[in-house]
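Biologist: I would like to take a close look at the aromatic rings in this protein and at what surrounds them. Could you walk me through them slowly, as you would for a first-year student?

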Amino acid sequence: MPGTAPSSPSPSRRTVLATGTALGGALMVGGAAVPAQASAPATAPSAAPAVPVVHSPDDSWRIVLDDADLLWQKLPKTWYEGPYLGNGRLGSGIYAEPGATTTAVRFNVQHSEVQDHRPEFGSLFGLARLPIGHFTLEPTGTITGIELWMRLRTAELEGTITTSAGTLKLRAFVHSSSDVLAVEVTPSEGETGFRWVFHPADAISPRAGFQKPPAGYTGNPPATVEEHGGSSAAVQPLLAGGEHVTAWRERTRGDSRTLYVTVAHSHPRTTARDRALRTVTTASVLPYGLLATPHRAWWDRFYRKSFLSLPDARMQRFYWIQLYKTASAARKDAPVMATSGPWLEPTPWPNTWWNLNAQLEYWLIHGSNHLELDAITRSLSEFRDNLSKEVATPYRADSAGLPRTTDPHLINGGATAPVLGYGVGIPGQDPPTPEVGNLTWALHNVWLSYRHTMDESILRDTLFPLLRKAVNYYLHFLTPGADGRLHLPATFSPEYGVNAPDCNYDLMLLRWGCRTLLDSAKQLGVDDPLTARWQEVLAKLAPYPVDANGFMIGAGVPFAKSHRHYSHMLAVYPLYEVTGATADERALIEKSLAHWVGFEGALQGYTFTGAASMSALLGKGEDALKYLGQLMSRFIQANTMYKESGPVIETPLSAAQSLHDMVCQSWGGTIRVFPALPAAWRELTVHDFRTQGAFLLSAVREEGRTRWVRLTSEAGAPCVVRHGIEGPIEIRDQHGRPLRYEEVADGTVRIELRKGDSALITAEGDRPDLTIRPVTANATVPRWGLPV
C-alpha cells in the first residue's frame, strides 16, 4: 500500500491460474487506441463481451502540456526568471538586458560544444566552455508591458511586447534537430523600426570572474564581425587554434521579420565560418512556419513516449517542464550536460561536473522512456581512452578514472597542470584528495540504461570493460587489516572536505562495482580471470563505517557538520545496496537520513531531492512530498531553474526522478507500482513508464486505490511486480486470455511474459476503463514563470 514499507518476501509460494471474463487489450490514450504490442490485439477468446472503453474527447498530452505552459506578465530580469530554448547544443535564455530593462530584451546565444582547448591551464580555465554572446531586441519605444508564453507542446516562445510606440508580436524556437534559432517579430505600425544587435562576449573562462586565473592564462582575442552577402558572422579566433562563429541573417516576409541564428565550432581547423554561413543561409530560405514544422513534430513524438498526471497541479506542471528542459539540454550525440546545460551564464562551474551533477541530470531519462537523450553512455564509450590517461601513470595499463570536472571529451588537463586541474585522486595521498569513485558512479548511470533497455551491447561494449578498469584502480590500494578485512587508505567524499580511510563513498561504489561485474560476467558468459578477486572483495571488504548517528564519512570521521551531498549514503540511494529489508537496516537508513538533513546551513536543493527519494524507498510518501515541498519553496526559481553561486540544473531534473521514485521503483528485480504516494494523491495516471527489465508500465489509481496495472515486456526478462491491488486479482494477456502467475509475497506476483507480451492486472471481476487521461487537480495554482 502507498505510504507503507515494502513487505518482506513470503516464504510460501503458490501458482495461480487467473480466471474470469476475457478483457480486450487496447489502452485508450487521449481518444486513440494504443496496442499493447506491435501487432493488433486479437479478439478475446471468451464469449463474454469485452469491457467498453470510454473515449476521451481531448488529447491527453495536449491537455497536460498546455496546462504546464509558463507565463510571463512581467519582464524577467535574469536567467533564473526567463524563458529558455535549446536542443542539447544551441541554447538561448531570454530576459531583460541588464541596465536597459525598459529598452531591450536579451536573447543569449550559447553552444555546448564551444570551448577552449588549452589543457595546460586545466579544465576550469584552459578547457572551459566559452561564452559566445547575445542579441538584443531593441524596440523603437520603451517597454511598458509583456505577455510571453513558453509553449511546451511545440517548444516555442510566443507573445507580445508592448511599448510606448506600439507592439511587437514574437514567436521563437531553437530547432530540435538543427542548430538554428529563429525569432519572428511582427511589429505594429509604430514599431517597424525595431532592430536586432549582436554583442559578442569576451572568449574567456567564466571561472575568471570568480577566481584568479593561473599564471600565463589570458582570454582569447576579440571576435570580428564580417558581412557575407546578406548574412553576418562574428568570427571568434582561439589561441589554441580553431574558431567559433555566430552567423545570422534577417528576412522580411509580409509584415514580419525573422532572425535566423546559428553557431559553429571547429578545432584545430578554421572551418566553422563556412559551416555557420551555409546553415543560416539554408535555414533562412524557409519561412518561420515551414522551418518549425519538423521541429514541432519532433517534440510531439518526444512527449508521447510516456505520460504522467497527478492531482498536485504545481508538481505536475513542474514535472512536464523538466521533460521539456531535459530535451532542450540533452541529446545522445551532444556533450554531456555542463552544470548549466547549453545555457552558459557567468558561473564558477564552466564545465561538466562528475561527482554528482552529471549523474543527477540524466536519471529521469530512464523512467520517462527517453534513452535517446543518454549522452553519458555514449560519451564514456566514445572517449574511454581518455579515462585511463586521467589516473596516475603507474596505473594506466589496467585502470581508469573520471576527474571531478572534464570537458566534453572527458579531458581534465590535470596531467599537464596537476595543481590547476582535478585529476583522479591517489588513495592515501595528502589531502585534499580529488575523488576516486566518480567513474564508478557514472557507470551506474550506464548500468541503469542497460537495465531499462536490456540492451546487451551496452553491457558488453561499455559497462563491463570500463567498470572492470574502474574497479581495478581500487584493487591497487586495497590492503588486508588485522581484522581480516580489506581496507582502503584515505580517500575523499564529495565534497565534505576531510579525507577518511574506508570512505563510505568509495566502499559503497566498490561493493556495487564488484557485484555488478560478477553479474555482468555471468550474463555475458565471460570467464574473467579477476572473478575470484571480485568475489574476495565482496566477502572481505570492510563494513560501512557507522556510529550512533548512522553512516559516517569514513573510519574515524563522523558526519558532523552541515553538508549538501549524500555521498556517504550512496548504498541507500541510488545504489539500493542497503534497502531497509530488515528492521536494523531500516533503522540505520532513518537515523542516517534524519542526521544528515538535521544540519542546517550548507543544505542545498539536491539535499532535498535525495531525501525525497530515500523516503520513497522506505515507502514514506508524505515525507517524500514534504522534502520536495521544501525544495520548491526554498530553492526552485520562477522558471524552475536553480542556482548555487551560479547556474546549475541538476537539482530540478533530479526532483523529477524523485517523483518517479514515488510513482514506481524497480530495483532488486521487483517492479513496485505506486510505492510511496502521499494520501492527497488519490488519483494518478502513468503510461509507458520504463522500468528495469525493459518493461513499459501503465497504471491508474482511483479514489486512493490502484485500479489496474499493465506491463509490456520488451526483452522477455523475468517479471516480478508488487501491484498494490487489494484482494484477489486477475491477470490477462494482450488478447484477454488468462495468464499464469505465481504469488511470491503478499501483493507481489511473478508473471511469465515473453518478449512483446503484455499483462493486465485487475481486481478479480473488475473491468476497468483503460483510457489514459489526466486526473483532476486538487486545487488551482499559479503558472510557473512570472504571472501577475
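Biologist: To begin with one ring, which residue lies over the face of Tyr80, and at what distance from the ring centre?

Modeller: This is a predicted model, and in it Lys643 is the residue that lies over the face of Tyr80, at 4.7 Å from the ring centre. A charged group also meets a ring at Phe194, where the charged end of Arg257 sits over the ring, 3.8 Å from its centre. Turning from charges to rings that meet other rings, a search of the whole structure finds 39 aromatic pairs. One of them joins Trp61 and Phe307 in an edge-to-face arrangement, with 5.4 Å from centre to centre and 75 degrees between the planes. This pair links distant parts of the chain, since Trp61 belongs to helix H1 (residues 60-68) and Phe307 to strand E18 (residues 307-309), 246 residues apart. Both Trp61 and Phe307 are buried, and both belong to one aromatic cluster, whose members also include Tyr84, Trp298, Tyr319 and Trp343. Another pair, formed by Tyr576 and Trp667, is stacked, with 5.1 Å from centre to centre and 10 degrees between the planes. Tyr576 lies in the loop between strand E26 (550-551) and helix H14 (583-597), while Trp667 lies in the loop between strand E29 (664-665) and strand E30 (671-673), so this pair ties together parts that are 91 residues apart in sequence. As for their surroundings, Tyr576 and Trp667 are both buried.

Terms used. Residues are numbered from 1 along each chain as its sequence is written. This is a predicted model: local features need pLDDT of at least 70, side-chain atom pairs count only at pLDDT 80 or more; totals for chains, interfaces and linings use all residues. Side-chain values use heavy atoms; hydrogens and water are left out. Rings of Phe, Tyr and Trp (its six-membered ring) pair if their centres lie within 6.5 Å; planes under 30 degrees apart count as stacked, over 60 as edge-to-face and the rest as tilted. Helices (H or I, at least four residues) and strands (E, at least two) are DSSP runs, numbered from the N terminus. Buried means under 20% relative accessible area, exposed over 50%, partly exposed in between (1.4 Å probe, protein chains only). A charge sits over a ring if NZ of Lys or CZ of Arg is within 6 Å of the ring centre and within 35 degrees of the ring normal.
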